[in-house]
Amino acid sequence: MQKALEDFHQHKEVIINLGARDNLDIPKFHSLQHYLENIKNFGTTDNYNTEMFERFHIDFCKEAWYASNGRNEKPQMIAWLTRREKVSSFQSYLKMSMEDEEEEFAHSRFGDQRLLLTKRPHQARRHILDVIQDHNCQGFKKDLISYLNSQLSDPHSRGRLRHMDLPFSHIDIYHGFKFCLDSLGNDNDFDQEETDTVKAKPSLGGKPARFDTVVVMDTSDCETTGLKGKFQDPLAYVEWYAPLKPAAEDYHEMYLVKKCLSNADGFTPGQVISLSSIRQTCQLIPNFGRTALPIEWTSDSVLDRCDTFFLNCFTSKYAYQTLW
C-alpha cells in the first residue's frame, strides 16, 4: 500500500497536465495519506468508506442547487447554505437554552411536584420597596396586606387595613417557575406531561424586563374544561386585565382583552394569588387597528403601551382546547 501511494504521488501531476483538474485539493486524496497509518494504529478498516464525502456533496451541492432557479446558481446556493447554517445554529441555541432551563428547575422547594421552582430564590431577602420599584408594581404592598388579612380567621375591616403595615420588610423573589399542565384526556402522549414556564424578570444588566401574561383562576373554587383547583402556597402577584366578554370576536374567534382602569390610588388593579391558580401562559396580540403602527411599540414595551389585545387561542393545541 505504501508503494502504491508513492507511485500515485510520483505521477499525480499528469491529471493537472492533461487539464482534467486545476488542482488536487480533494478530501478523498487527502484521506489516502492516513489509511496506512490508521491501519497500523487501529487495525483493519472495518466498515470504512468514503460515503461521508458523498453525503456532504448531496447536502451542500445537490440540495443547494435544487433550491436555486438554475441561473447564476452559485450566489443562490451560498445564500441557501448560509440560511441553513443560521437555522441550525439557532436550533442548537434553543436546545441549549432548554437544557439550561431544565437544570434551573431541577429542584423543587415545595411538596407539590407539579410546581417547580429553582432551588434558591433569584433575589433572597429583597426589600419590599425595592421589589415595588424593580417590578413597577405600585399596588403590591397594599394587595399583599389584603391577602394576608384574608387568611385570618377574623379579618380586619378595610378601614383598619389602610393604617396597617406588614410584619416583615423583606421577601424572597423568584423570577419564574415551571409547572405541569392539567391533562385534558385527549390523544396526548400520557407518558410525557405537557409543561409550561412563566417568567417575571425585571430589567437586569441591560437586558429588557420580561413579564409573561397568564390565565388565572380568580376564585378559590372555579371550573375550566372540567378542572378544579384551590389556592396553596407559594404566592404570585398579578395585575389584572378587564374581564372577557361572554363571546369571542367575529371572524377570528379570539377574545378581546382590555386593560383595567386604574383604581382609586391610581394603580393598576392587582392581587396576590396562589401560584397553583395560574393555569397556563397566553399570548396577547396587540389590536393594531387601522391606524399607522406607533413607532414606540416594541416587543419589550407593547404590553405597557397598547390598551387592547386579542387573546390568541391558536398558539398550541392545549390553548385551543382551553381558551377558545
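Q: Where does the cut-off for a buried residue lie, and how many residues of strand E4 are buried in this predicted model?
A: A residue is called buried when its relative accessible area is under 20%. The model here is a predicted one. Strand E4 covers residues 176-180 and is mostly covered, and its buried count is 5 of 5.

Q: Which residues of E4 are buried on each side?
A: In a regular strand the side chains alternate between the two faces of the sheet. Both faces of E4 are covered. Gly176, Lys178 and Cys180 are buried on one side, and on the other the buried residues are Phe177 and Phe179.

Q: Which residue in E4 is the bridge partner of Leu116?
A: Let's look at the strand pairing. Strand E1 (residues 115-116) runs antiparallel to E4, and 2 bridges join them. Within E4, the partner of Leu116 is Lys178.

Q: Which residue in E5 stands opposite Gly176?
A: E4 also pairs with E5, in the antiparallel sense, over 5 bridges. Gly176 is one of the E4 residues buried on one side of that strand. Opposite Gly176, in E5, stands Lys199.

Q: Why do the buried residues of helix H6 lie on the same side, and how wide is their arc?
A: Helix H6 spans residues 128-135, and its buried residues are Ile128, Val131, Ile132 and His135. They sit on the same side of H6 because the arc they cover around the axis is only 100°.

Q: Which residues on the other side of H6 are exposed?
A: The buried set of H6 consists of Ile128, Val131, Ile132 and His135. Turn to the other side of H6, and the exposed residues there are Leu129 and Gln133.

Q: Which strands and helix do the buried residues of H6 pack against?
A: Start from the buried residues themselves: Ile128, Val131, Ile132 and His135. Their packing partners are helix H7 (140-150) together with strands E2 (123-127), E3 (170-173), E5 (195-201) and E6 (210-211).

Q: Which residue follows H6, and what is its phi near?
A: Just after H6 comes Asn136. Its phi is positive, near 55°.

Q: Which elements each supply at least two residues of the largest nonpolar core?
A: In soluble globular proteins, nonpolar side chains tend to be buried together. Here the largest nonpolar core has 15 residues, and Val257, Leu284, Cys306, Phe309, Leu311 and Leu323 touch the most other members. The elements that each supply at least two of its residues are strand E11 (255-258), strand E15 (308-312) and helix H10 (317-323).

Terms used. Residues numbered from 1 in each chain as written. Predicted model: local features only at pLDDT ≥ 70, side-chain atom pairs only at ≥ 80, totals over all residues. Heavy atoms only, no water. Buried < 20%, exposed > 50% of the residue type's maximum accessible area, 1.4 Å probe, protein only. Helix = DSSP H or I, 4+ residues; strand = E, 2+ residues; numbered from the N terminus. Arc of directions from axis to C-beta. Contact = heavy atoms within 4.5 Å. Pairing = 2+ DSSP bridges. Core = buried A, V, L, I, M, F, W, Y, C linked by side-chain atoms within 4.5 Å.
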